[in-house]
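Reader: Could you walk me through this structure slowly? I am still learning how to read these pictures.
Author: Gladly, and please interrupt me whenever you like.

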Amino acid sequence: MFSIDTSNALSHSSHPDWVSMDIDKLGKSFYNSDEQPLSEPIRNLKAKTLEEAYSRNDIETLIEYSKSTDGLINNELRSKIWPVLLGIHSDFSENNTVPPSVSSSLSSSMTKSVDSTGLTSKLKLQSDKVSASFLLDDLDVVDLPPHKDEEQVKLDIQRSFTILSHIQSYHQLEGNNESYTAIFSKSDVDELKKKLSTLIIRILRKYPSLHYYQGFHDIASIVLIVCHDRDLNTIDEELAFNILEYFTIYHLRDFMIADISLSVNHLSLIPYILETVDHDLFELIKQTSNGFFLFNGTHFDYKFYQGLSSILTVFSHDLGSLQQILIIWDFMFSYNSVLTNIYVYVSALVYFKEDIFQYLNIPLDDEYCDYHEIDRDLVHTQISPTNLFKSTTDTDLLKILNIARSLIKKYPIDTLENSNETYSVWFEKFNPHSVLMTTSTVCWSGKEIRDKVSEYKYLLSDKETSSLDLAGWIQIQDEEICKQTIYTNEIEQEILREQEILASSASEYQSNDSGSISLSSSLSSLSSTSSAVNAKLISTSSILFKKLLFKPDDSKVEEGKPNGHLPLYLRNVYKISFTIGFIGFILHFLLSKNNRFHDAVSKMLTSSNAVVSIKHEVSTLGNLLSTEISNAVSGTFRYLAESDVVTHSVSIGQVGLGNLRNNVYGFNG
Amino acid sequence: MSGRKKTLLKVIILGDSGVGKTSLMQQFVNSKFSHQYKATIGADFLTKEITVDGGKQVTLQIWDTAGQERFQSLGVAFYRGADCCVLCYDVTNEKSLNNLASWKDEFLIQSNVANPADFPFIIIGNKIDVDESKKIASLQKKLNNVTSNQLGGLNYPVFETSARDAINVEPAFEVVAKMALQQEELNEAGNDVSDDYNDAINIHLESESSSCMC
């Protein structure tokens, strides 16, 4: 009956034509309402429609409306619809009845604990003594051995629910009477912390292979708030556990393996997407990144640490408004993927781009921009969440999510520029067990969500019932990321090596003193990106390298003069190396210039008395050589003969003066 | 890239989770304290202009970092170019005291400073406002033990502070500023060699090495 009004209003609110809009046309929409949060009557209508869609199991409508303006409207709806979007109610579409609780089969010990405390336990309003020991009451019902990270959890719980102070400011701003602060008194917050602790520790103890990270407590606190029933002032802890369990195992798993590098992989997707979507922002991030600088502008490692807290906590650590956080979560759950958070961060950067560039004083319309002039620390701040989201309004967020939605549609993650060297390597090649390749891929329909969730259901089951459980899975993931780290290190070492050769040949042209200083300084700074062991190796070899190669130029000039300040063995070293080069040059010359000599020389080289013949040959040619050098030559060849190098004499022929440097360094490196 | 007009001093605050790194920074920069500080994830900085003795104006750029061990390996992105490092512990938490040396080592490995042997560190023991009974027993002895055995017997300045009650925070950071300034001047000296070092690779040194003999 009210359907006409409703559908009109809602079609505006969900902008069905929106996704086809070009990103450049953003903000030029005809419908002013498209760019504004919903008015109260429309909110109510949307809530009603969502309620109806929920009761008739219409998951497609729920998915569509979760993405649209103001998301799922209120927490009562969220606590019902999030489980559907997460695929917890796997029989949602087939079965008409919504199961009241799906938890009973998940873990027997857990269920017992729930029964004893009651499914919904009343928040006590009277002041409760909260101390460090408060955990224990709840913990003995969780009849499992403690998790290794519980100490850290305890520390973070003490600093949790800072968002509640934000709720206060939010409602003051909105002039909203239903202020959370009226419900959450100090003692309520303490009670919430207690429940938060229980919730996190239940997850960790059930899945001991998970590694807790700071920020997971922010995630859990959002889940807990959503499961709070405002009218009864109770929390459905079992529901909270189910939501958090599915969310953790299916979507946050990558952040909870032992190695943090996989989280860094996720963050690298931010510059990766920008590379296709926004050239200016990509260049800004690339050219002011530490990695780019350390590789002297030849290599960008796509490291983007700034987004860490936003991605790890799904913005709950960084946004000041709980409403805004929840709308982003609605958005994420509608795709059943954490990848959307990457797009949201990208969209925020795109949305605030003008502010960022203006602040940094970079003209946007200039073709050429000298990024060397830009203060990299300022860039860091500008693209960090604290600054990016410091005064984000509801309207800003709406626009950001609109951008994100069109980006997700238009630029699927595996189809972007340069994906062969980035995304495919990071995820398809090295981390096929990542959530982005398995349990948290972007879904477009209820069926896709259901299929995906049931395919990996075994990750949630108890250890005994499955061949590959979560612990095994996480171990595989740790091995995968380890392989990637080794691979990346090798690539970067290779780049560093090339640069060292470049750097050292550049410094050869310099005067003695400044040359040697700059050589060592550039070599040591090159090493800063590599691990400690590699750094040591490089600096050692750079010293050797320098000793071997840098001085010969001088000795050539000063030949014959005593070189008093150098130890004798050193002088010999470059005498020999110089001589090898010289002989090599001659051989090379003979081989390439003169066919008659070619045969003779190759015969000599292959014959058993090659050493003697060469010595003889050399000394007849040796009118050019001083006796000192010819002695050195014979010494060299004796050495070569002893070490069997002469059997590969063709390669000696290749040792021209130009190659010498590389070869000697190659032995050392 | 060399020759910044203003003197910007980069300071890194390190220490175990929950010792009060964020509180110290907030107390110093904004003169406020809250029990509501969120756990720090990643790293970010605040700046404050102060005058060190001699009337020199400097800008302290103070980097607050995450205490959880799993974030430590990301430090390499933030530690670069630091002029001073503040090692924090909690006077009620012995483990945080014993971890000072590993924080120092980790910092030196990741920051790649030019002079690891005499890079300026300062030690801050926070939360002295708490009840005496909660503090580490025979703290002074244990602290001496840590500094002389684990921190290489170097005499790093030690401050005991309360970020909550604003005790000793200001004096501690004044020393930080002085030490950082010294380090910065050391870096500036010597033909910009250390500056090049800190600014990493620059193979086109021909033009640079002759410049800036100011």
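**Chain B and its sheet**

Author: Reading chain B from the N terminus, the order of its elements is β-α-β-β-α-β-α-α-β-α-β-α-α-α, and the secondary structure comes to eight helices and six strands. Please keep in mind that this is a predicted model.

Reader: In what order do the six strands of the open sheet lie?
Author: The order in this open sheet of chain B is E2-E3-E1-E4-E5-E6, and the pairing is mixed. The edge strands are E2 (43-52) and E6 of chain B, each of which pairs on one side only. On average, and with direction ignored, neighbouring strands of this sheet are turned by 25° against each other.

Reader: How many bridges do E2(B) and E3(B) share, and in which sense do they pair?
Author: E2(B) and strand E3 (residues 56-65) of chain B pair in the antiparallel sense, and they do so over 10 bridges. To find a spot to look at, you could take B:Asp44, which stands opposite B:Asp64 in E3(B).

Reader: Okay, and which helices pack on the sheet?
Author: Helix H4 (residues 100-111) of chain B packs on the sheet, where it touches strand E1 (7-15), E4 and E5 of chain B, and its direction makes about 155° with that of E4(B). Helix H6 (residues 169-188) of chain B also packs on the sheet, touching E1, E2, E3, E4, E5 and E6 of chain B, with a direction that makes about 120° with that of E1(B).

Reader: Let's go to E4(B): how many of its residues are buried?
Author: Strand E4(B) is mostly covered, with seven of its seven residues buried. B:Cys84, B:Val86, B:Cys88 and B:Asp90 point one way from the strand, while B:Cys85, B:Leu87 and B:Tyr89 point the other way, and all of them are buried.

Reader: And in what sense do E1(B) and E4(B) pair?
Author: E1(B) and E4(B) pair in the parallel sense, over five bridges, and the bridge partner of B:Val11 in E4(B) is B:Cys84. Strand E4 (residues 84-90) of chain B is also joined to E5(B) by six bridges, and these two strands run parallel. Along that pairing, B:Cys85 stands opposite B:Phe121 in E5(B), and B:Val86 has B:Ile122 in E5(B) as its bridge partner.

Reader: What about E5(B) itself, are its faces covered or open?
Author: Both faces of E5(B) are covered, since B:Phe121, B:Ile123 and B:Gly125 on one side and B:Ile122, B:Ile124 and B:Asn126 on the other are all buried. In other words, six of the six residues in strand E5 (residues 121-126) of chain B are buried.

Reader: How many bridges join E5(B) to E6(B)?
Author: Three bridges join E5(B) to strand E6 (residues 158-160) of chain B, and the two run parallel. One place to look is B:Ile124, which stands opposite B:Phe159 in E6(B). Between these two strands the chain crosses from E5(B) through helix H5 (residues 139-150) of chain B to E6(B), and this β-α-β crossover is right-handed.

Reader: Switching topic, how many helices and strands are in chain A?
Author: There are 34 helices and three strands in chain A. Of its 669 residues, 55% are buried, whereas for the 214 residues of chain B the figure is 57%.

Reader: And how much accessible surface does each chain have?
Author: The accessible surface of chain A comes to about 30,100 Å², with 54% of it belonging to carbon and sulfur atoms. For chain B the accessible surface comes to about 9,100 Å², and 48% of that belongs to carbon and sulfur atoms.

Reader: I clicked on A:Gln214, so where does it lie?
Author: A:Gln214 lies in the loop between helix H10 (186-206) and helix H11 (216-226) of chain A.

Reader: Why does A:Gln214 count as buried?
Author: A:Gln214 counts as buried because its relative accessibility is 1%, and the cut-off for buried is under 20%.

Reader: What is A:Gln214 in contact with, then?
Author: If we leave aside its neighbours within four places in sequence, A:Gln214 is in contact with residues of both chains, including A:Gln152, A:Asp156 and A:Arg159 as well as B:Ser17, B:Thr40 and B:Phe71. With B:Ser17 there is also a polar contact, made between the two side chains at 3.1 Å.

Technical notes
Residues numbered from 1 in each chain as written. Chains lettered and ligands numbered in written order. Predicted model: local features only at pLDDT ≥ 70, side-chain atom pairs only at ≥ 80, totals over all residues. Heavy atoms only, no water. Buried < 20%, exposed > 50% of the residue type's maximum accessible area, 1.4 Å probe, protein only. Helix = DSSP H or I, 4+ residues; strand = E, 2+ residues; numbered from the N terminus. Pairing = 2+ DSSP bridges. Right-handed = clockwise from strand over helix to strand, strands pointing away. Polar contact = N/O pair within 3.5 Å; in protein donor to acceptor, adjacent residues only side chain to side chain. Contact = heavy atoms within 4.5 Å. Areas by Shrake-Rupley, 256 points an atom, 1.4 Å probe, with all protein chains shown as cover. Axes fitted to C-alpha atoms, helices over the stretch in contact; angles between N-to-C directions.
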